[in-house]
Amino acid sequence: MRRLDQLLSSLGYCSRREARAFLKQHNVTVRGRPVRDPTDKAAPADVLVGDEPLDHPDGLLLLLNKPLGLVCSHDEREGPRVYDLLPERWRARNPQVTSIGRLDKDTSGLLLLTDQTELVHKFTSPKHKVPKLYRAVVDRDLSPDLVPLFAAGTLVLDGETATCAPAELRIEDPRTAELVLTEGKYHQVRRMFAATGATVLALHRVRFGRLTLGDLKPGDFREVTASEI
Ligand code: URA
C-alpha cells in the first residue's frame, strides 16, 4: 500500500503538492470508490485514473533506437536529450527515467532506458559482463592483427592503467568492424581504435545482451518485457 500523493507523483501525474487538486479534477478511484484525500493509501493495482489503470506502476524499461545528436545526460545545457523523446508523464517520473550506460552524442543505436535502479546495476555491473555489440566505421584499413590484440585483454587505453577486458573484433570490410565489449569504459570503442591509430568515423550499437533493435526506426522506442531480459 502506498500513499496516493506519493504514488501519483512518483508516476509523473502531478507533484505531491498538486495531488489534492489532481484528485479533485480527475476521477481517481480505489476499488471503484472515488478518493479525495491524498494521504489515503492504496495498492497501485486498485487505482484507476479516469477509468484507466495507473501508467506502468511497476516501472519502465524501454529500448530506444538512439538517433545521432542526442545526449544521455539529463543536463539540458549539454544539448537535446534522449529523454526529450519520451511522453511528458514518463519524463516527470521519480525515480527519473535514465539510460542504462551511455552512448555518445554522435553514436546511434540501441539504448536502454529505465526508472528501476536495480536494472541499471544489473546491466552495467562489470560482474554481469553483459555483451554489447557495436558496428564501427574507421578512417583507415584495419589490420587483421587487431583481432588477437583486442581478444588478448592486454590493451591499455590512453590515461588508464587497467587493461581492457578481452573483446571480440570481426573485420567486415577493411574500414568496418563489429566489436563486442563486456564492459563500458568512457568512450571505450573510440579509444580502443584510437590506441591502434584509427579514428572512429561512425559508431552504432547493434545489440545489448539478448536485445536487438528489430525494425525500430531512429528516435522510436518500445517497451521491453520481463521475458526478454
Ligand atoms: N564506445 C564509445 O566510444 N562510444 C559510445 O557511445 C559507446 C561505446
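Trainee: From which domains does the shell around the ligand draw at least three residues each?

Mentor: In this predicted model, the shell takes at least three residues from domain 2 (61-125 + 213-228) and at least three from domain 3 (131-208). The residues surrounding the ligand are Leu 103, Asp 104, Thr 107, Tyr 134, His 187, Gln 188, Val 189, Arg 190 and Leu 203.

Trainee: Which helix gives the largest share of that shell?

Mentor: Helix α6 (residues 188-195) does, with three residues.

Trainee: How is the shell divided by residue class?

Mentor: Four of its residues are nonpolar, three are polar and two are charged.

Trainee: Which backbone atoms lie a short way from polar atoms of the ligand, if one reads a polar contact as a pair of N or O atoms within 3.5 Å?

Mentor: His 187 has a backbone N or O atom 3.2 Å from a ligand oxygen. For Gln 188, a backbone N or O atom is 3.4 Å from a ligand nitrogen. A polar backbone atom of Arg 190 lies 3.1 Å from an oxygen atom of the ligand. The protein buries 96% of the 240 Å² that the ligand exposes when taken alone.

Trainee: What is the space taken by the ligand?

Mentor: That space is the largest pocket.

Trainee: How should backbone geometry be read?

Mentor: Most peptide bonds are trans, and most residues other than glycine have a negative phi. Two sites here deserve a look in that light. The peptide bond from Asn 94 to Pro 95 is cis, its omega being near 5 degrees. Arg 31, a residue other than glycine, has a positive phi near 50 degrees.

Trainee: Where do Pro 95 and Arg 31 lie?

Mentor: Pro 95 is placed in the loop between α3 (88-91) and β8 (98-99), while Arg 31 belongs to the loop between β2 (28-30) and β3 (33-34).

Methods
Residues numbered from 1 in each chain as written. Predicted model: local features only at pLDDT ≥ 70, side-chain atom pairs only at ≥ 80, totals over all residues. Heavy atoms only, no water. Near = heavy atom within 4 Å. Polar contact = N/O pair within 3.5 Å; in protein donor to acceptor, adjacent residues only side chain to side chain. Areas by Shrake-Rupley, 256 points an atom, 1.4 Å probe, with all protein chains shown as cover. 1 Å grid on protein atoms, 1.4 Å probe; cavity = no way out; pocket = protein on both sides within 12 Å on 5 of 7 lines; lining within 4 Å. Sits in = over half its atoms within 2 Å of the grid points. Helix = DSSP H or I, 4+ residues; strand = E, 2+ residues; numbered from the N terminus. Nonpolar A, V, L, I, M, F, W, Y, C, P; charged D, E, K, R; others polar. Domains from an automatic or database assignment.
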